[in-house]
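User: I would like to learn how to read pockets, cores and backbone features in a structure model. Could we work through one example together?

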Amino acid sequence: MKIPAFTRTLACSALLALFASSANAAPEKVTLKLAHNLERSHVVHQAFEEMAKEVKTLSGGKMTIRIYPSSQMGSARETLELLQNGALDMTKGSASDLESFDNIYAIYNLPYLFRDQQHFNKVVFGPVGKEIMESTKSKGFVALSAYVAGTRSFYAKKPITKPEDLKGLKIRVQASPTTLKMVELMGGSPTPVPFGEVYTAMQQGVVDGAENNVPSWVQTRHIEIAKFFSEDEHTSIPDFLVISTKTLEKLSPEQREILEKAARGSEVYQQKLWEKIDHESREQAKSMGATFVTVDKAPFRAAVKPLFDDFSKDPKQAELLKKFEAAAE
Ligand code: GCU
């Protein structure tokens with residue numbers, strides 16, 4: 001039987017329309033892969049688990065987040081690359097890791113940036129923090145939520161009470177150009193090492209010390225090798241949950257809303273856990289015979305002044321810095 005031409009055209013258009021709509025529609029069931037470099041005991045991992053539970057509940061079991069902790073899929077840098085290549089949906093990036101992927105994150109790595117925790121919260125969870133989180137679409141990722149990570153200080157086999165004490169010491173840093181410059185200005189030799197490899201690097205003498213917050217120093221057992229935690233509190237660097245823009249665009253508006261809601265919920269959950277773990281880790285450190293050293297921060301602040309001067313030479317960065325400062329008022 002001969003089918004009239006116009007009928008054939010109609011049938012074709014209907015089929016095309018059908019294909020087009022099914023290609024655009026988000027699949028009913030989705031599984032998102034989230035890989036990161038933290039241990040299960042880390043409060044950010046626990047916040048991710050909470051978020052995964054919430055996503056499952058809110059979606060009636062149709063959305064699943066599968067978490068791969070402990071660098072199973074590689075270091076922070078490697079998981080960020082996987083995400084950009086479309087091989088991974090989500091990861092955790094500290095602002096230090098993210099700086100090499102988009103310079104907008106450099107600001108968070110500036111030492112002595114925040115007056116106190118309240119200032120930090122106003123920036124990170126306020127409009128300027130959100131502006132940064134949403135600004136990196138062209139790099140293939142955006143941040144969905146942010147997490148507090150206390151203050152970072154130096155730890156080594158000996159106390160570090162003044163910049164001169166860093167002389168000749170190889171200090172493990174995250175792969176952040178700003179942090180590298182900071183340690184150099186303070187007088188130490190910065191050595192970038194992925195988080196999961198620091199213990200071995202310390203054990204083998206590849207580095208003499210490192211810098212981190214108290215829970216990370218204790219949980220990673222770096223404390224067993226480096227017993228002096230010298231509280232110069234140079235930086236407060238947030239962690240971020242990062243998602244690939246491709247993945248985000250594949251989600252339906254409802255799925256996206258569920259994920260965003262759960263991610264925001266995990267921020268609040270993590271903040272409560274943070275205070276508890278910080279306190280417990282300090283107690284644990286003391287019971288292990290470790291020493292907290294009180295430090296006069298003034299000489300450390302003075303040493304890093306050129307970092308701020310350089311940073312402010314870029315008009316865009318200077319404008320961002322002004323917004324950070326305004327949040328303190
Ligand atoms: C902290 C931070 C992590 C980061 C780690 C590091 O623990 O929360 O996101 O990976 O420091 O020093 O690499």
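User: How do the residues of the lining of the largest pocket divide into nonpolar, polar and charged?

Analyst: Start with the residue classes: 12 of the lining residues are nonpolar, nine are polar and six are charged. Keep in mind throughout that this is a predicted model.

User: How much space lies in the largest pocket?

Analyst: The largest pocket holds about 340 Å³ of space. It is lined by 27 residues, and those closest to its centre are Asn-37, Asp-97, Arg-172, Gln-174 and Phe-195. Three elements each give two or more residues to this lining: α3 (76-84), β3 (90-94) and β6 (170-173). Of these, α3 supplies the largest share, with three residues.

User: Where does the largest pocket lie with respect to domain 1 and domain 2?

Analyst: To place a pocket, ask which domains its lining residues come from. First, the division of the chain: domain 1 covers 27-100 + 109-148 + 239-280, and domain 2 covers 152-236 + 288-326. Both domains give residues to the lining of the largest pocket, so the pocket lies between them.

User: How far apart are the C-alpha centres of the two domains, and how many residues of each are in contact?

Analyst: The C-alpha centres of domain 1 and domain 2 are 24 Å apart. Across the boundary, 25 residues of domain 1 are in contact with 30 residues of domain 2.

User: How many cavities of 30 Å³ or more does a search of the whole structure find?

Analyst: A cavity is read separately from a pocket, since the probe fits inside a cavity but cannot get out, while a pocket is open. The search finds one cavity of 30 Å³ or more. The largest cavity has a volume of about 60 Å³. Its lining consists of Leu-38, Glu-39, Ser-41, His-42, Phe-195, Pro-215, Ser-216, Gln-219 and Thr-220. By class, that lining has three nonpolar residues, five polar and one charged. Domain 1 and domain 2 both contribute to the lining, so the largest cavity too lies between them. Phe-195 appears in the lining of this cavity and also among the residues closest to the centre of the largest pocket.

User: Which residues in the largest nonpolar core touch the most other members?

Analyst: The general idea is that nonpolar side chains tend to be buried together in soluble globular proteins. Here the largest nonpolar core has 50 residues, and Tyr-105, Ile-107, Tyr-108, Phe-240 and Phe-324 touch the most other members. Each of domain 1 and domain 2 gives at least three residues to this core. Another core lies apart from it, with 26 residues that include Leu-32, Met-63, Tyr-147 and Ile-258.

User: What does Phe-240 touch?

Analyst: Leave out residues up to four places away in sequence, then list the rest. Phe-240 touches Thr-91, Lys-92, Gly-93, Ala-95, Leu-98, Tyr-105, Tyr-108, Met-133, Ala-143, Ser-145, Ala-146 and Tyr-147.

User: Is His-222 buried or exposed?

Analyst: Read the relative accessible area, where a value under 20% means buried. His-222 has 2% and is buried. This histidine is found in the loop between α9 (214-219) and β9 (228-235). Beyond its neighbours within four places in sequence, His-222 is in contact with Tyr-155, Val-198, Tyr-199, Met-202 and Trp-217.

User: Where does Gly-126 lie?

Analyst: Gly-126 is in the loop between α5 (117-124) and α6 (127-134). With a relative accessibility of 10%, Gly-126 counts as buried. Its C-alpha atom is separated by 8.7 Å from that of Ala-327, although the two are 201 residues apart along the chain.

User: What phi do Ser-71 and Glu-233 have?

Analyst: Check the sign of phi and whether the residue is a glycine. Ser-71 is not a glycine, yet has a positive phi of about 60°. This serine sits in the loop between β2 (63-68) and α3, and is partly exposed at 25% relative accessible area. Glu-233, also not a glycine, has a positive phi of about 45°. Glu-233 lies in strand β9 and is partly exposed at 28%.

User: How many helices and strands does the chain have, and what percentage of its residues is buried?

Analyst: The chain has 14 helices and 11 strands. Buried residues make up 50% of its 329 residues. Among contacts with a separation of 6 or more, 76% join residues 24 or more positions apart. The C-alpha atoms fill a box of roughly 95 × 45 × 35 Å along the principal axes.

Conventions:
Residues numbered from 1 in each chain as written. Predicted model: local features only at pLDDT ≥ 70, side-chain atom pairs only at ≥ 80, totals over all residues. Heavy atoms only, no water. 1 Å grid on protein atoms, 1.4 Å probe; cavity = no way out; pocket = protein on both sides within 12 Å on 5 of 7 lines; lining within 4 Å. Points joined across faces, edges and corners; volume = space filled by probe spheres on them. Helix = DSSP H or I, 4+ residues; strand = E, 2+ residues; numbered from the N terminus. Nonpolar A, V, L, I, M, F, W, Y, C, P; charged D, E, K, R; others polar. Domains from an automatic or database assignment. Core = buried A, V, L, I, M, F, W, Y, C linked by side-chain atoms within 4.5 Å. Buried < 20%, exposed > 50% of the residue type's maximum accessible area, 1.4 Å probe, protein only. Contact = heavy atoms within 4.5 Å.
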